Structures are given as C-alpha cells and as structure tokens.
Amino acid sequence: MQSWLEKQRYIVDFTMSSLLRRKVKNIGLLVLYTLIVFILASIIFFTYAIKREAAFILQGSPEIIVQNLIAGRHDLLPVSFLDQIKSIRGVANVESRLWGYFYDSLVGANYTLLTPPSQAGSLKSDGKKTFVGSGGSDIPTPTEEKNLYEYEGAPLEPGTLIIGNGVARMRSIGKGDYMPFMAADGEIMNLKIVNTLASESELVSSDLILMHESDFRKLFGISSTYVTDAIVTVSNPSEIETVANKIKKHIHTARPIIRDEILRTYSSIFNWRGGMMIVVFSAAVLAFVIFAWDKASGLSAEERQEIGILKAVGWETSDVIRMKFWEGAVVSLTSFFSGVILAYIHVFFTGSIVFEPALKGWSNLYPNFKLTPFVNAEQLTTLFFLTVIPYTVATIVPIWRAATIDPDTAMRHTGN
Amino acid sequence: MLSFLLLHASISRNAQTQNLQLKASLVHELGLTDLCLFTEARYTRHLSQADLYTAFQDHPLSLEHFPSGSFTEPNLSGIR
Amino acid sequence: MIELMNVRKVFNAGKANEFSALNNVSLHIPGNRITVLKGPSGSGKTTLLSIVGCMSRPTAGRVKLIDREITSLPERFLTDIRRSTFGFIFQQPNLIKGISVLENVMLPAYPLGDQRKDLCSRANQGLEQLNIVKSGSKVEWLSGGEAQRVSIVRALINNPSIIIADEPTAHLDTKLSYRFMEIVEKFKSEGKTVIITSHDPLVYDSSIIDKVITMRDGKIEDTPA
C-alpha cells in the first residue's frame, strides 16, 4: 500500500514536471480549454438562471390576454368586446390594457409605452383591483412596502410620466425633466417625468414609459372606443384553458394567450436544444471537437520517443497510461475549475458582458440586469461530462496505442 | 471549490428573493408579459405577444432581419 | 546466465518488405563476464540485444534467463524482469529533456514506489561516483560525456545484475571511450554481467573483454573463448 501510494506520487510528480517542460504549449492548451469551459459554463449558467428568473417573475403576468387579430395582424380591440368577454361564464374580471411602441429617433431606441391597468378605460365591476386576490394567490407579494413605481398612491396624472431606468439612461433624463412627444395630430406634448422605475426591475421594465390614458390616446390618436388588448381573470385557475376556448368561440377574431404559454415561450428560447443555445453552443462544441481531434490524432515524435524511453527503462504500459491520465486530468480539471469560476463571475457579477452583443442585437436600449444565481450540481455535472471526460479520453487513446508497442520499436523509431 | 460556488449561489439567491418578488409584483401590477431583453423589434420585445407573421410585417423581405430574432421563436398560441 | 536457442526474428512478416534479422541464433552468455557482440551494422546485434533484454520477443526459438524460460511470459512479467534484472545503456543517452538530471536518473525506479529519501540518496550517490555534480540542472546543458554517464547512472539505479549496452562508445571520443571501459570493468568487479554491442575496436579488442561474439547477416560466425 505504502509503495503503491509512493508510486502514484512519483507518477504525478513526473507528470507535473513534464507538463511544465512544455510551458508555452501547455499554457496555450490550458487557456484554450478554459475558454471553452468558460463559454459553455456561461451559456449554461445564463440560460438556466434567466429561465428560472423568467418563470418566477412572469408568474405574475396575466392569466389570459385577449388580442384582436385582423388579417394576421394584432389590431386594436373594440371596447365592446370587453363586455362580451365579461359575460362568459367563468370570467371573474376583464381589464383593458393600453400599450404600444414608440421609436425615439433621437437615440434610435424603441420604448414600450404603457398605461397602468388601473388607469386604462376600465370596465371593472367595482373600483378595486379584483385580480390581486383571485388570480394571484400563488404570486408572492413583497413583504416590505417598497413600491416599484411610486406616485404616492395617487394615480398617474395627465401630463406626467414614469420612465424605466433604461429610458432614463438612454436620454440621460430623470425625475423633474420634461420629455417632448409629437402627437398624432401634430401637437407637441411636453410631459413631465415624475419618477423612474426601480433599477432592480430593469429586466422587465427597462424600456417602459408609463403614461396616463388620456395622454396615451392623444399621442397615438386612439379613440376611446378602442384598447390594445384585454386582461382576463378567471375565477377558477383550472379553467383557464376552457375560458380561453370559450372566448375564441364567442369572438372569432380574438386570440387568447394564456400565461402558461408565455412561460413556455421563455423556457423554450433558453432551452438546451432551442434557439440561443444552439447558436453559441454549436460553435463552442465544434471548437472543442477540432481541438480534441487534434489531440487524439497524433503524438509528436518527441512524445513517442519519451514513451519509448520510459518503456525501455522499465515502465509498464499501465504506468505510461497512468501518467498520461494524470496529465489529462491536471489540464482538464484546472481548466474546468477556472472556466466554471470565471463563468460564474461573468454571468452573475459582470452581467454577461461577453453575451451582450448577441443579446443586444441591433437594439440601442439594453437593460442592465443582475441575474439571481440559480446554479445546481446537475449543471456542473453536465458540464463536467461535456468537457473533462471527452478530453481525458482523447488524450489517453493515442497514448494507449503508442504505449502498447514494444519498447525497442519505440526506441528504434527515433534512437538509432 | 465547486461546493463553495454552490454555497455562494444559494446565499445570494436568498439575498435576492426580495428583488425577485418586487419584480414579480411589478409584472403583476402593470400586467406585463415579457422580459425586456431584446428591444430591437416588436416581435422580440414582446415575444409571447407576437404572432407568426410579425416578422414579415416589419418588412416584407424580413425573413429574419434582427439578430435576436434568429434565436427566438414565435408563440403559436391562438393562431393554430 | 542467458541462453538463446534457435532464435529467429522476422520483421514485417508476410509483407513484401519481410526481413529476417536473426536466423537460428543459439548462444550462451555467461554470468559475471563481459561479452561483446561485434559485427557490421545490420548484422542483427541490436535485435539480439533487445531480445536478450526482454524488450522484444523472438519470432521463433526460446530464451532462457537464469534457467527460466521467458519467451512466453506476458508483457507485465517481462517488464518486471527487465526492470529488476537489466540496466540499459543506449547508443544515444536517451535522456528526457526538460527535467533535471536527478529526475532522469530516478525514472526507472518510479514504478517500484521506493521511499523517496532512499531513492534520492541512491541516485545522488550514483551521480557522485561518476563525478556528475550538476544533479539539479537540465539535461540539455550536459556535455556528451556527461549525458552518457548520466544514462549509465540511470541504468544502475535499480541495481541490475545484467548491464546491456548498445554501441555505447559510438558518440564518444577516445578518451571518454576509455573512461567508459573503466566503468565497465568496475561493473565486472561488482559481480555484474555485461553485454555490449560494438564495432569499435577499442571495445572488442580491450583486454577486459571475456568473450567476443561476431555476427554477420543475422548469424553468429564464430565464438572464440
């Protein structure tokens, strides 16, 4: 036992000094490998965290949204539809939403203009927010009274705005400043910013501009008989699907979108097989395959000679393989750990700056957000099997071929 | 080393639950539906709200015009 | 000590470039003697040496080492025997570049898992005996003669009873060759068996040689006593 341990130590020692021998090559290898692990780990961390975060945050989104679809286009919804929906059995409440996009030519960014639901042409049975109690039993309410868009309880007044943090950053404006808009009739509307939305909420609110209903209608020239779409609250959550089907039956141009579908949309984008993963992942895997192939396809003459010498001086095939195994393990584990840690820092501390260009695309407005680190052992295991194992195998196979040949053949190849 | 990482993750996760809840309540109160990740086009800004033809509506030749559109997909609900 | 019976070695058997390096070689190498295999290059000396040293197997025939048949032993055992019985000195020093002289010397002992302290002192002692002081330096910085002596120390690290040397003086000048022969003589005085291949008259005409075997075309020509 003692000598077995000692033997392993010798072999590890020799492995280390043999790694240090080819400093440039091995450091290059280490850097490249770390980079691959880093990219893969970043993707895994990012997609998983954003999926979890989206699933959590969007739990609060409306149970059913009803759009009006005309000729394949999302169209304005006549207010009269709201009554029709309200009359469907199982519907607890219907609220209208007024929202749209605004392109700011000054900075080239798209904003989302929105009227807070309690303000929009309301058709509520009674003045209070009924959906808080009924549909939202599973929605966590903040324990602390910190309002994310505070306007001291008073409704947003005409002529005022609350802007998202991204908008404030783009235009470098803030509370107390004025923001001019040109209305549909050509009139200039100068709206006062009364507040900005909390920076913590940028992931959902960065590009928002909240405005009063009357301003919204005036800005876009939307008559009061139309709204953008409707939020439907259902009395029994298990009947959401049934109610959605009923809505479609009653109003033929309606397109109901249920919350589960919203959640599904997000989990599929950032899925293993879906979308973003494929794009970045395929490149990384390809790089790794080339790299492993290169490693597997040949040993340098020098390495061959060394194996020959080792075998000639009395190393067994298994010793040589063990040495190469340690070599692979040292390289791959070092890269694995450093890659994972760097990726963790990258995703959860620096806000994934490497991915920013890809996520940003051509948009000028990009949210500054800090993801909640949802990391689990399963992810790390997956990563381990994707990187360390193939590499170690790729290093051992050619060595095994070289190490099983007669020592004198290995010597002759290079010696005399 | 990795368990340290997992530990840090769970600690900061706990620290951030407050934030998460704030975000969730904002989403709830404003009736928001989407993450503000890609603001470049309306079908990527509100992914769940976009229909199958929005990309085409933005420009007749726009099969896939915006970079982010290439790794998102339309929500098919209510259209089929 | 070592007995070869009708040993044949064929390379690339069955192919167009089939080449028979040894043809029915039978020979006896006595223990505690210095034996020289002499002959022109291509005569099969190195092949014979590698078979004797358990580095390769004969195609046909039998090899006996200290009354033990080794021809059909599996690789593992051959390696064991090689490690514990033989010390090899090659034509080239065949040191591993980039690591220290000391590590090079200790290499053959690694798989045995000896105590580190013992091994180090053994290695240092060996290096001292052959006047090598730069035990910590890299092998690239050694002169030809020094490298040769380092490889001799390496061959001796496991205290083998048989020393095999393949053209040891091919890359040495006359002075160093004489120095090498002195070392060989010392081996004999320590009770070791030495087998050397060479076509250097300085080696096979030396007075310390007990037996010269001349080879030509894979066969033994004559065996003067």
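This is a short talk on a predicted model with chains A, B and C, starting from chain C and ending in chain A.

Thanks for coming, everyone. Let's begin with chain C as a whole. Chain C contains 7 helices and 10 strands. Its C-alpha trace spans about 45 × 40 × 35 Å along the principal axes. For 225 residues, a compact globule would have a radius of gyration near 17 Å, and chain C comes out at 18 Å, which agrees. Of those 225 residues, 45% count as buried. If we take the contacts in chain C with a separation of 6 or more, 72% are accounted for by residues 24 or more positions apart.

Now to the sheet. In what order do the 6 strands of the open sheet in chain C run? The order is S6-S7-S8-S3-S9-S10, and the pairing is mixed. At the edges sit strand S6 (86–89) and strand S10 (219–220) of chain C, each pairing on one side only. As a reminder for anyone new to this, strands of a sheet pair through backbone hydrogen bonds, either parallel or antiparallel.

Let me walk across from the S6 edge. S6(C) runs parallel to S7(C), and 4 bridges join the two. Here C:Phe86 stands opposite C:Ile162 in S7(C). On we go: S7(C) and S8(C) also have a parallel pairing, over 5 bridges. One residue to look for there is C:Asp166, whose bridge partner in S8(C) is C:Thr197. Over at the other edge, strand S9 (residues 211–216) of chain C pairs with S10(C) in the antiparallel sense, over 2 bridges. In that pair, C:Met215 has C:Ile220 of S10(C) as its bridge partner.

I'd like to pause on S7(C). Is this strand enclosed or open to the outside? In S7(C), 5 of the 5 residues are buried, so the strand is largely enclosed by the rest of the structure. In a regular strand the side chains alternate between the two faces of the sheet. For S7(C), both faces are covered: C:Ile162, C:Ile164 and C:Asp166 are buried on one side, and C:Ile163 and C:Ala165 are buried on the other.

What lies across these strands? Helix H1 (residues 45–52) of chain C lies across strand S3 (34–38), strand S7 (162–166), strand S8 (193–198) and S9 of chain C. H1(C) runs at about 155 degrees to S8(C).

Next, how does chain C meet chain A? The contact involves 25 residues of chain A and 26 residues of chain C. On the chain A side, helix H1 (2–21), helix H11 (301–312), helix H12 (317–348) and helix H15 (407–414) each supply at least two residues. H1(A) gives the most to that side, with 10 residues.

A quick stop at chain B. Chain B has 3 helices and 0 strands, so to speak in pattern form, α-α-α along the sequence. Of its 80 residues, 46% are buried. Among contacts in chain B between residues at least 6 apart in sequence, 38% join residues at least 24 apart.

Finally, the helices of chain A. Two packed helices are described by the angle between their axes and the distance between the axes. Helix H2 (residues 23–57) of chain A packs against helix H14 (residues 377–403) of chain A at an angle of about 150 degrees, with the axes 11 Å apart. That angle makes H2(A) roughly antiparallel to H14(A). The crossing of H2(A) and H14(A) is right-handed. H2(A) brings A:Ile36, A:Val37, A:Leu40, A:Ala41, A:Ile44 and A:Tyr48 to the contact, and H14(A) brings A:Gln379, A:Leu383, A:Leu386 and A:Thr387.

H2(A) has another partner to show you. The axes of H2(A) and helix H9 (residues 259–269) of chain A come within 9 Å and cross at roughly 175 degrees. H2(A) and H9(A) are therefore roughly antiparallel to each other. Their contact is made by A:Lys51, A:Ala54 and A:Ala55 of H2(A) with A:Leu263, A:Tyr266 and A:Ser267 of H9(A).

One last residue: A:Asn68, in strand S1 (residues 64–70) of chain A. A:Asn68 is buried, with 20 other C-beta atoms within 10 Å. Leaving aside neighbours within four places in sequence, A:Asn68 is in contact with A:Asp75, A:Leu76, A:Leu77, A:Phe81, A:Thr253 and A:Ala254. By contrast, A:Leu299 is 231 residues along the chain from A:Asn68, and their C-alpha atoms are separated by 66 Å.

Thanks for listening, and I'm happy to take questions.

Note on methods
Residues numbered from 1 in each chain as written. Chains lettered and ligands numbered in written order. Predicted model: local features only at pLDDT ≥ 70, side-chain atom pairs only at ≥ 80, totals over all residues. Rg over C-alpha atoms; globule rule 2.2 N^0.38 Å. Buried ≥ 20, exposed ≤ 12 C-beta atoms within 10 Å, placed from the backbone. Contact = placed C-beta atoms within 7 Å. Pairing = 2+ DSSP bridges. Axes fitted to C-alpha atoms, helices over the stretch in contact; angles between N-to-C directions. Parallel < 35°, antiparallel > 145°, perpendicular 65-115°, else oblique. Left-handed = near helix turned anticlockwise from the far one by under 90°.
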